[in-house]
Amino acid sequence: QNKIMFKKIFISIFFLINSFVFSQDFNFNPTDCNMTILIDNPQLVDFSLDGGEIPLDALIGVFYTNDTGELACAGVSTWSGYGNSNSVAAFGSEAGLDNGFLDAEEFTWLLNYEDENGNSQIVIASSSIMSTSGMFIDTYSCNGFGQLISVIFSTSCCADELACNYNDACGTNDPSVCEYPETYYNCEATCINDTDDDEVCD
């Protein structure tokens with residue numbers, strides 16, 4: 001019980017630090033209506049974890065915001081890799097209940113995967129794009145169809161705009177990975193402070 005309590009406390013602190021409040025529970029209850037979202041198609045331009053491939057068998061969860069302001073799962077798909085059939089059913093809220101998406105609500109994507117040590121990791125998407133082409137819509141609609149064309153998950157990256165490796169899609173800032181230019185130089189190693197024009201940085 002102590003181990004379970006410690007794990008819950010650790011997870012809660014981790015996500016509060018990153019300004020996201022959601023349950024790590026990827027379980028959900030099917031409701032009386034859902035929207036089908038495709039995540040395997042020729043238009044899937046970016047589907048990555050820290051710039052690399054999503055691990056096979058990772059869980060892709062679509063989450064809504066409940067009445068208490070927390071993210072709650074409304075559908076899950078197991079990633080089977082590019083070229084395979086991947087889709088998720090996002091379930092909507094039933095009348096008078098808080099158990100799914102509301103009409104026109106935006107989607108929040110989470111990834112649950114095992115790291116190299118076999119530990120379960122949960123990451124919230126730092127950015128995502130839904131198609132609005134043809135019959136596809138980018139917010140929830142009962143019996144609607146969606147198409148996820150880009151989703152980026154980042155465990156740690158540099159969110160400092162002054163850094164040379166600044167990532168504008170960074171979800172969790174890690175200052176230790178930020179890279180900065182030398183004094184009087186920019187990120188292209190060009191001198192920006194040669195006041196006497198002697199081709200030597202001052």
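A residue counts as exposed when its relative accessible area is over 50%, and as buried when that area is under 20%. Values in between make a residue partly exposed. These cut-offs are applied here to a predicted model.

By this scale, A189 is exposed, because its relative accessibility is 60%. The residue lies in the segment after β9. Its backbone is notable on one count: A189 has a positive phi, about 65 degrees, although it is not a glycine.

Y184 also has a positive phi without being a glycine. Here the angle is about 75 degrees. Y184 is likewise placed in the segment after β9, the strand that spans 145–153. Its relative accessibility is 39%, so Y184 counts as partly exposed. This value falls in the range between the cut-offs of 20% and 50%.

The protein chain as a whole was then considered. Its secondary structure consists of one helix and nine strands. The helix comes at the N-terminal end of the order, and the strands follow it: α-β-β-β-β-β-β-β-β-β.

Burial and contacts were computed over the chain. The protein chain has 202 residues, and 36% of them count as buried. Contacts between residues at least 6 apart in sequence were examined by separation. Of these, 55% join residues at least 24 apart. The accessible surface of the protein chain amounts to about 12,000 Å². Carbon and sulfur atoms account for 49% of that surface.

Key:
Residues numbered from 1 in each chain as written. Predicted model: local features only at pLDDT ≥ 70, side-chain atom pairs only at ≥ 80, totals over all residues. Heavy atoms only, no water. Helix = DSSP H or I, 4+ residues; strand = E, 2+ residues; numbered from the N terminus. Buried < 20%, exposed > 50% of the residue type's maximum accessible area, 1.4 Å probe, protein only. Contact = heavy atoms within 4.5 Å. Areas by Shrake-Rupley, 256 points an atom, 1.4 Å probe, with all protein chains shown as cover.
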